[in-house]
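Here is a short tour for anyone meeting this structure for the first time. Have a look at it, and then we'll walk through a few of its parts.

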Amino acid sequence: MLPAVPEPTSAHPAATDDTWEPEIAELRRREAMAQRMGGPDKVERQHQGGKLTVRERIESLLDEGSFHEIGALAGRASYGEDAELSEFTPANFVMGRGRIDDRPVVVGGDDFTVRGGAADASIWQKQVYAEQMALELRLPLVRLVDGTGGGGSVKSLDTDRRTYVPPLLGWQYAVDNLATVPVVALALGSVAGLGAARVVNSHYALMVRDTAQVFVAGPPVVARVEGEIAKEDLGGAHIHGRNGVVDDVVDTEAEAFARTRRFLSYLPSSVHEVSARGEPTDDPERRDPWLIGAIPRNQRQVYRIRPIIESLVDQDSYLEIGAGWGRAAVTGLARLDGWPVGILSSDPYQAGGSWTADASDKVTRFVDLCDTFHLPVVHLVDQPGFMVGLAGEQAGTIRNGVRAIAAIHQASVPWCSVLIRKVFGVGGAGHQSSSRLSYRYAWPSGRWGSLPVQGGVEAAFRAELDALADEDARQARIAEITARMDAVASPFRTAEAFLVEEIIDPRDTRPLLCEFANLAAPRRQAGPTTRSYRP
Amino acid sequence: MTDVRSEIAANVWKITVEVGQAVEAGATLAILESMKMEIPVEAPRAGTITEVRVAPDDRVAEGDIIAVLD
């Protein structure tokens, strides 16, 4: 239900009344008009489309009753002959401050009920104001994006009688925000052009399945280039949840708000602070017995990484980011003895966990996120190397992969590696900085080298193997050589040479990681990184 | 009917079910090979196998249908 608008009162106070009450009554009337957004019909249509209005969204996102709106009076007004306000259409961007988990944030959202959220019905200064406010007050920013592009319709040429070089008004604030405050952007409808840019120019971008689409340009524009296409086919979650345009896809707006709140809970309000410790909820000495069998002895057999992560971090504290794309890499935020940390690992179900081009991109962005906001990183390493093969080469794996390794080397946050299985090739070698203190543990399942023994044997002993005519004899010889090589592949031999610092019982990992988090906490340094941040 | 698809580009190593066979949720339907690892393709739910679309040594792309479950 939209609020009723009070009747106008005379703006001229009676002689006996020497206060400004009439103006306050007028203020309340105008605020009530803003509350009505695009009017009952448009609000009804928004609801029928399975979407909340921008005001309902802000209310759901923020702590109850904490929204302090700025610029509610901005909009298009018409006046009657008596100079009395007769009609008012609010600007289609609602913004202000509020609180999430009792911490102040800035929130701004498009109002799709007014001209479909299009920029030509907005007052662009409001959007820029929200960005600047987040930057200068050093507050996290949440964008609720539900609008079309930055330009008006081509119709504006008729009224303006001129054209213009497209500007990116206030974009410098949006870019600077990435290096200063956590930015979460939610795609909550069909989002094109500048709207899509506002989604992606963030640390954490989400879209709602079925109701949100993201594109450079929508179907009407695309139709002229490559024919008719439905908006969901062009920019639905099945596309952008798999290519990294958004980090995660959710099924409902409520889930998007819950994820936003949770994401922010691990981060400081700005780079000028470090994250607060959460109330410790789990025993730092907890040793889950099953971890001793978590990695299969058969090296060709895969295992599930997520239960291992969940066993090591504080109970229920793991928030995976980007589960749908670059899936060989597994990234998420968690807590260790209450301290927020980043957890990097790989999924052996995805080509053995080999970093592909897109997995490498995901790692780069994740490590940059952790470094920007001073989150210590735990890397659970099982890395057979960058993806090999023709498809890998065509995807440019080595460039993206080496960029990820550069990100790891540029990061200055405390870093702990746990070698849980494979460490091979350049991809494996890049699991941590090659110059900083190697704060590292290895599980007894660790296997490493420039090339794995399997596969390496056939290349290295080709002449000897080719001399054997009989395939059975060949296989027998391969098995024999492999066994010989495997015998020296024991991690104990590596530890003898101090080429790996410690071999640990996997069940001791959580206590050791909690120790790491406690040692790392005072080493976190507030302040901007020299590297800045790119989306 | 549920299409069970490959999540990755890989070679088919083994098919571990037959058409008409009833399977539990999580049962291994086929084993793919990628980067020298054996990657099981698992049933997303219980059901009966109505079709197997691939054979050993086939090359599958991400999203290719491995089997159909009724």
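## A bridge between the chains

Which residue forms a salt bridge with B:Glu7? The partner is A:Arg327, and the closest N and O atoms of the pair are 3.5 Å apart. Keep in mind that this is a predicted model.

Where do the two partners sit? A:Arg327 is in the loop between strand 12 (319-321) and strand 13 (329-336) of chain A, while B:Glu7 is in the loop between strand 1 (2-5) and strand 2 (10-15) of chain B, so this salt bridge joins two chains. Their surroundings are worth a glance too: A:Arg327 has 16% relative accessibility and therefore counts as buried, because that is under 20%. B:Glu7, with a relative accessible area of 46%, is partly exposed.

## How the chains meet

Zooming out to the whole contact, chain B brings 13 residues and chain A brings 24 residues. The size of an interface is often given as the accessible area lost when the parts come together. Here chain B and chain A bury about 1400 Å² between them, with 50% of that on carbon and sulfur atoms. On the chain B side, B:Met35, B:Lys36 and B:Met37 lose the most area to chain A, together making up 45% of what that side buries.

There's plenty of polar detail as well. Between chain B and chain A the count is 6 salt bridges. Among them is the one that B:Glu33 forms with A:Arg300, whose closest N and O atoms are 2.7 Å apart. The two chains also share 8 residue pairs in polar contact, counting pairs with both residues at pLDDT 80 or more. As for the elements involved, strand 4 (28-34) and strand 5 (37-42) of chain B are the ones that give two or more residues to the side of chain B that touches chain A. Strand 5 of chain B gives the most to that side, with 5 residues.

## Salt bridges within a chain

Over all chains, the structure holds 41 salt bridges. In one of them, A:Asp248 teams up with A:Arg259, with the closest N and O atoms 3.2 Å apart. This pair links distant parts of the chain: A:Asp248 belongs to strand 11 (residues 248-250) of chain A and A:Arg259 to helix 11 (residues 253-265) of chain A, 11 residues apart. A:Asp248 is buried at 7% relative accessibility, whereas A:Arg259 is partly exposed at 21%.

Chain B has an example too: B:Asp3 forms a salt bridge with B:Arg5, the closest N and O atoms being 3.5 Å apart. B:Asp3 is partly exposed at 35% relative accessibility, and B:Arg5 is partly exposed at 45%. Back in chain A, salt bridges that share partners tie A:Asp282, A:Arg286, A:Asp288, A:Asp314 and A:Arg510 into one network.

## A sheet in chain A

Now for a sheet. In chain A, 7 strands form an open sheet in the order 1-4-5-6-7-9-11, with mixed pairing. Strand 1 (68-70) and strand 11 of chain A are the edge strands, each pairing on one side only. Neighbouring strands of the sheet are turned by 20° against each other on average, direction ignored.

Strand 1 of chain A runs antiparallel to strand 4 (residues 93-100) of chain A, and 3 bridges join them. A:His68 has A:Arg97, in strand 4 of chain A, as its bridge partner. Helix 3 (residues 54-61) of chain A packs on the sheet, touching strand 1, strand 4, strand 5 (103-110) and strand 6 (141-145) of chain A. Helix 4 (residues 124-137) of chain A packs on the sheet too, and its direction makes about 25° with that of strand 4 of chain A.

How values were computed. Residues are numbered from 1 along each chain as its sequence is written. Chains are lettered from A and ligands numbered from 1 in the order in which they are written. This is a predicted model: local features need pLDDT of at least 70, side-chain atom pairs count only at pLDDT 80 or more; totals for chains, interfaces and linings use all residues. Side-chain values use heavy atoms; hydrogens and water are left out. A salt bridge is a side-chain nitrogen of Lys or Arg within 4 Å of a carboxyl oxygen of Asp or Glu. Helices (H or I, at least four residues) and strands (E, at least two) are DSSP runs, numbered from the N terminus. Buried means under 20% relative accessible area, exposed over 50%, partly exposed in between (1.4 Å probe, protein chains only). Two strands pair if DSSP finds at least two bridges between them. Axes are lines fitted to C-alpha atoms, for helices over the stretch in contact, and angles run from 0 to 180 degrees between N-to-C directions. Contact means heavy atoms within 4.5 Å. Buried area is the accessible area (1.4 Å probe) that two parts lose on being put together, summed over both. A polar contact is a pair of N or O atoms within 3.5 Å; within protein, one must be able to donate a hydrogen and the other to accept it, and residues adjacent in sequence count only if both atoms are side-chain atoms.
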